[in-house]
Amino acid sequence: MKKISDLFSRSSRKRILSQSFFFGAIATVGVISNAFSFSLKAYSQTPSPIVNNTEINSYAKAVLAMEPARQNAFEEIKKLIGNGEIPKIVCNDSNSINGLPKKAQDIAMNYCTYAQKVVEEKGLRFEQFNKITIELQSNDILKRQVYNTLLRLQKSPDSP
């Protein structure tokens, strides 16, 4: 028979881990954090893209799958740079990566390659992922939909 304290301890740790992972994923959605982001040229005459539920689900799964690798890459680069501020790294802008020390460039490129692979494995083209990321900055309805999808996926045992 399991002790109540054992059950509480496990469920408590699981809840704390789930919450911290969730908030990390939400931070990622805010343009994939302050260190890594994907960019896309936005044109004011282009109508806002309409994102369907399948794309929202794929986007959220990609974000959740990328988050641990993004955090690791960020921490590794932070260690290499030391007390200096980590510049914004945009995966499809070689100038943002070329300004880093060589070892940090390798870390950033490995992360960017991994991120692109994850996005495609989750059923989106990289361009779609970028469009959704940009749209999230100004579309509160989409933001809420992605947020709710992230919550649902984290509660589901077979996610992402």
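This report describes the fold, the disulfide, one helix pair and one lysine of a predicted model.

## Overall architecture

The secondary structure of the chain amounts to six helices and two strands, and, read from the N terminus, these elements follow one another in the order α-β-α-β-α-α-α-α. The chain has 160 residues, of which 38% count as buried, and it exposes about 10100 Å², with carbon and sulfur atoms supplying 53% of that area.

When contacts between residues at least 6 apart in sequence are considered, 76% of them join residues that are at least 24 apart.

## The disulfide

A disulfide is a covalent bond between the sulfur atoms of two cysteines. A search of the whole structure finds one such pair, in which Cys91 is joined to Cys112 with an S to S distance of 2.1 Å. The two cysteines lie 21 residues apart and link distant parts of the chain, with Cys91 placed in the loop between β2 (89-90) and α3 (94-98) and Cys112 placed in helix α4 (residues 102-121).

The torsion about the S-S bond of Cys91 and Cys112 is about -80 degrees, so the disulfide is left-handed. As for solvent accessibility, both Cys91 and Cys112 are buried.

## The packing of α2 and α6

Two packed helices are described by the angle between their axes and the distance between the axes. For helix α2 (residues 53-81) and α6, the axes come within 9 Å and cross at roughly 60 degrees. An angle counts as roughly perpendicular from 65 degrees up to 115 and as roughly parallel under 35, and α2 and α6 are therefore oblique to each other. The crossing in which α2 passes α6 is right-handed.

On the α2 side, the residues that meet α6 are Ile56, Asn57, Tyr59, Ala60, Lys61, Val63 and Leu64. Their counterparts in α6 are Leu142, Gln145, Val146, Thr149, Leu150, Arg152, Leu153 and Gln154.

## Lys143 in helix α6

Lys143 is also part of helix α6, which covers residues 140-155. Its relative accessibility is 38%, and because the partly exposed class lies between the buried limit of 20% and the exposed limit of 50%, Lys143 counts as partly exposed.

Once the neighbours within four places in sequence are left aside, Lys143 is in contact with Leu136 and Gln137. A further distance places Lys143 relative to Thr133, which is 10 residues away along the chain: the C-alpha atoms of these two residues are separated by 9.5 Å.

Notes:
Residues are numbered from 1 along each chain as its sequence is written. This is a predicted model: local features need pLDDT of at least 70, side-chain atom pairs count only at pLDDT 80 or more; totals for chains, interfaces and linings use all residues. Side-chain values use heavy atoms; hydrogens and water are left out. Helices (H or I, at least four residues) and strands (E, at least two) are DSSP runs, numbered from the N terminus. Buried means under 20% relative accessible area, exposed over 50%, partly exposed in between (1.4 Å probe, protein chains only). Contact means heavy atoms within 4.5 Å. Accessible areas come from the Shrake-Rupley method with a 1.4 Å probe; for residues, only the protein chains shown count as cover. A disulfide is a pair of cysteine sulfur atoms within 2.5 Å. Axes are lines fitted to C-alpha atoms, for helices over the stretch in contact, and angles run from 0 to 180 degrees between N-to-C directions. Angles under 35 degrees count as roughly parallel, over 145 as roughly antiparallel, 65 to 115 as roughly perpendicular and the rest as oblique. A crossing is left-handed if the near helix is turned anticlockwise from the far one by less than a right angle, and right-handed if clockwise.
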